[in-house]
Amino acid sequence: MIYPWQTDNWSCLEQLRASLPHALLLHGRAGIGKLQFAQHLAQSLLCETPTKPCEPCGQCVACLWFSQGNHPDFRAVLPEALAGELISDDKADKADADDSKKTKVPSKEIKIDQVLGLMNFFSLGSHRGGLRVVLIYPAEAINVFAASALLKTLEEPPAGVVFILVTARIDRLLPTIISRCRQWPMTLPATEPAVAWLAQQGVKCSAAVLAEAGGAPLTALALASDENRALRDFALAQLAAGPACDAFACGESLQKLPVPMVLGWLQRWLYDLLVQKTAGRPRYFPGASKALERCAAQIDTERFARFQKTVIRQRAVENHPLNARLVFEELFLGYRDVFTAA
Ligand SMILES: [Zn+2]
């Protein structure tokens with residue numbers, strides 16, 4: 001199934017079917033459901049009795065195999081660390097998880113062995129006499145060796161094989177890979193179906209959460225089910241207090257949280273403050289527009305600019321082991337200082 005906000009993207013795809021490119025590059029923001037869309041596309045290409053308009057039937061043997069993760073004409077190439085993201089992953093490939101794998105940190109890269117492993121698949125020909133489909137996700141995880149192997153394949157694509165590459169970071173792909181693919185941009189979901197879907201998932205204040213996630217519904221869902229939500233609300237309330245922000249309480253309450261998480265909240269808040277100051281509309285926290293307006297009116301522009309640089313510097317070292325409590329105290333003290341004495 002695709003998500004309700006993807007129906008336009010899906011019907012646009014119809015025009016491609018008459019002359020299907022051998023490689024398709026789906027790209028767009030993280031958290032909008034590109035992987036699921038790509039899987040649905042793969043299933044529709046393999047389905048043996050597709051319903052109109054090119055929908056997989058969900059009934060035929062090909063659809064059955066696909067949903068169980070063992071269609072012989074389908075291969076998904078993912079980094080080890082992401083095994084589990086696919087529709088049917090509880091079944092797929094668990095058997096060959098040998099002992100050595102258990103002690104290793106799973107790789108976040110797509111490695112050359114995985115790309116070379118496809119060669120066997122190509123040499124075998126189609127089991128069902130139809131197309132074969134290779135899904136690569138996320139394409140930006142392909143390491144440099146794997147990329148050159150893949151490039152060779154894309155330059156001389158095996159007959160009857162369709163590659164679907166999926167990425168949220170097209171800027172990180174080699175231009176040579178991009179140029180071998182038909183690009184398929186996936187738009188940010190329209191607000192209405194995304195909000196409705198979130199509400200269906202039981203998310204309260206779904207419009208506000210969606211905004212906070214920058215319009216990406218799956219990110220919003222993750223935010224809403226975040227066990228740290230209460231602490232986030234606390235941090236946001238402190239930020240909304242502007243010059244009255246209690247930096248020491250922030251250090252005390254937030255110290256157990258990962259530094260990058262809190263920095264993320266802070267950066268989004270600063271972004272909205274700046275937008276507010278330049279008479280735009282807040283992007284992440286539209287529900288807090290009154291507080292943003294109040295804070296923005298008290299900002300000292302120079303100090304604000306300096307503080308933003310501090311935050312960016314902090315982002316650069318955020319993954320180093322730091323004393324989170326001290327980091328947060330300093331940051332929130334710095335934040336309090338961007339306001340002119342009220
Ligand atoms: Zn089918």
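How far apart do the C-alpha centres of domain 2 and domain 3 lie? In this predicted model, the answer is 22 Å. Those two belong to a chain that splits three ways: domain 1 covers 4-187, domain 2 covers 190-225 and domain 3 covers 227-336. Where domain 2 and domain 3 meet, domain 2 puts in 4 residues and domain 3 puts in 5. On the domain 2 side, that contact is a mix of 2 nonpolar residues, 1 polar and 1 charged.

Next, the core. In general, nonpolar side chains of soluble globular proteins tend to end up buried together. Here, the largest nonpolar core counts 82 residues, and the members that touch the most others are Ala-38, Leu-135, Ile-136 and Ile-164. Helix α2 (residues 34-46) supplies the largest share of this core, with 7 residues. Leaving aside residues up to four places away in sequence, Ala-38 touches Leu-26, Leu-135, Tyr-137, Ile-164 and Val-166.

Then there is a helix pair to look at. Helix α5 (residues 112-124) and helix α6 (residues 144-155) have axes that come within 7 Å and cross at roughly 25 degrees. Angles under 35 degrees count as roughly parallel, so that is how α5 and α6 run with respect to each other. From α5, Ile-112, Gln-114, Val-115 and Leu-116 take part, meeting Phe-145, Ala-146, Ala-149 and Leu-150 of α6. By residue type, the contact of α5 with α6 comes to 7 nonpolar and 1 polar, with no charged residues.

How values were computed
Residues are numbered from 1 along each chain as its sequence is written. This is a predicted model: local features need pLDDT of at least 70, side-chain atom pairs count only at pLDDT 80 or more; totals for chains, interfaces and linings use all residues. A nonpolar core is a set of buried Ala, Val, Leu, Ile, Met, Phe, Trp, Tyr and Cys residues joined through C-beta atoms within 7 Å. A residue is buried if 20 or more other C-beta atoms lie within 10 Å of its own, exposed if 12 or fewer, and partly exposed in between; C-beta atoms are placed from the backbone. Helices (H or I, at least four residues) and strands (E, at least two) are DSSP runs, numbered from the N terminus. Two residues are in contact if their C-beta atoms, placed from the backbone, lie within 7 Å. Axes are lines fitted to C-alpha atoms, for helices over the stretch in contact, and angles run from 0 to 180 degrees between N-to-C directions. Angles under 35 degrees count as roughly parallel, over 145 as roughly antiparallel, 65 to 115 as roughly perpendicular and the rest as oblique. Ala, Val, Leu, Ile, Met, Phe, Trp, Tyr, Cys and Pro count as nonpolar, Asp, Glu, Lys and Arg as charged, and the others, Gly among them, as polar. Domain bounds come from an automatic or database domain assignment.
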